[in-house]
Amino acid sequence: MNIKTLFATAAAVAACALAAPASADAYPERPIRLLVGYAPGGPVDTTARVFAKYLGDKLGQPVVVENRAGASGMIASDATAKATPDGYMLGFAASPTLTMSPLVQRSTLFDPRRDFSLIGLVVDYANVLLIGPQIPAKNVGELVNYARSHPDAVSFGSAGIGASNHLSAELLKKQADASMLHVPYRGNSPAMMDVISGKVTFMFDITSTAIPFIKSGKARALAVTSKTRNPELPDVPTMMEAGMKDYEVVGWYALVGPKKLPDAVSARLTRALADVSKDPAFRQAMTEGGYTINTGDSQALQSRIDREYALWSDVIQSANIQAN
């Protein structure tokens, strides 16, 4: 290699090295895709679309929601983990996808604790324990006592094996030491219809979608799974208030990207996320939907993932839960 070639090569390498930070500092320069692992119209999708609008406003570029439903959100998570780490494909992660589904399906192609750049938490949500109006139990204690005295007479519906509401019920079953039959459905809606009709005894549903059924009298709320009561359901006790010691299940939505996002891109997204969380209109929209604003950063998100991964590992192993 002659001297001219050496200088040309060195110049090209230097130009590339200088270009990367400059490009990251200018981020974003075009629309961003936000992957959602669930079908349009559901709670994750609708919340993601509201969030995307506000995030786009803060970033100065459109944030376009792209649904890649399937495998309990794992398809979208896998695509996010494998995306080019430039910040133009991000994931709107729901906690079950990173802390439950990988433990149930066991054949995931990514490690939910290591293969993402964690930007931060967006909102928290709780589940609410619902029973049909014809079920005589007036509180969680009565439901548990009935299950203990009538083995296999109590059933619970869920959106499928390994779903958040499935594992919420398994945790209740484990703590109550009672026999309860799991009836999986293809989504929350058909499970809710069978709770209302009395075909199954109860189910846990995300607060935002449960509120209309509760207010219409089609279903009764016995308890919420959060540590504190939900402002939209002030008369509904928490599971701990209802006598289930240490029972707390709080799901969350978070903004994540592929591993090795440039520092400047991660910092820009972190600032934008913080700005969205402070926006009064966004806060009102989330509160009215039954959500709690969470401003946790990447470290807080990592801590949540690690803690919940351990919790659900124990529940799943105890109940010997595996995907079909």
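Start with helix H7, residues 164-176: with 13 residues at 1.5 Å a residue it should span 18 Å, and its end C-alpha atoms sit 18 Å apart, so expectation and model agree. Keep in mind that this is a predicted model.

H7 doesn't see much of the outside. Because 10 of its 13 residues are buried, the helix is largely enclosed by the rest of the structure. The buried ones are Ser164, Asn165, His166, Leu167, Ser168, Ala169, Glu170, Leu171, Leu172 and Ala176. Right after the helix, Asp177 takes a positive phi of about 55°.

Is Ser168, a residue of H7, buried or exposed? Its relative accessible area is 0%, so Ser168 counts as buried, the cut-off being under 20%. If you skip its neighbours within four places in sequence, Ser168 is in contact with Asn127, Phe204, Tyr247, Val249 and Trp312.

Now for the nonpolar cores. The largest one has 34 residues, and Leu34, Phe51, Phe92 and Tyr253 touch the most other members. Quite a list of elements gives two or more residues to this core: strands E1 (32-36), E2 (63-67), E3 (89-94), E4 (116-131) and E9 (250-258), plus helices H2 (43-59), H10 (263-278) and H11 (280-288). Which element gives the most? That's H2, with seven residues.

Take Leu34 for a closer look. Again leaving aside neighbours within four places in sequence, Leu34 is in contact with Ala48, Phe51, Ala52, Val63, Val64, Val65, Glu66, Leu90, Gly91, Phe92 and Leu255. A separate core, apart from the one just described, holds 33 residues, including Ile131, Phe156, Leu171 and Leu222. Leu171 also turns up among the buried residues of H7.

Back to H2, this time paired with H11. Their axes come within 11 Å and cross at roughly 175°. Angles over 145 degrees count as roughly antiparallel, so that's how H2 runs relative to H11. On the H2 side the contact is made by Thr47, Val50, Phe51 and Tyr54, and on the H11 side by Ala281, Phe282 and Met286. Sorted by type, the residues of this contact are six nonpolar, one polar and no charged. Phe51 of H2 is part of this contact, and Phe51 is also in contact with Leu34.

Here are the two cores in brief:

| Core | Residues | Some members |
|---|---|---|
| Largest nonpolar core | 34 residues | Leu34, Phe51, Phe92 and Tyr253 |
| Another core, apart from it | 33 residues | Ile131, Phe156, Leu171 and Leu222 |

Methods:
Residues numbered from 1 in each chain as written. Predicted model: local features only at pLDDT ≥ 70, side-chain atom pairs only at ≥ 80, totals over all residues. Heavy atoms only, no water. Core = buried A, V, L, I, M, F, W, Y, C linked by side-chain atoms within 4.5 Å. Buried < 20%, exposed > 50% of the residue type's maximum accessible area, 1.4 Å probe, protein only. Helix = DSSP H or I, 4+ residues; strand = E, 2+ residues; numbered from the N terminus. Contact = heavy atoms within 4.5 Å. Axes fitted to C-alpha atoms, helices over the stretch in contact; angles between N-to-C directions. Parallel < 35°, antiparallel > 145°, perpendicular 65-115°, else oblique. Nonpolar A, V, L, I, M, F, W, Y, C, P; charged D, E, K, R; others polar. Expected span 1.5 Å × (residues − 1).
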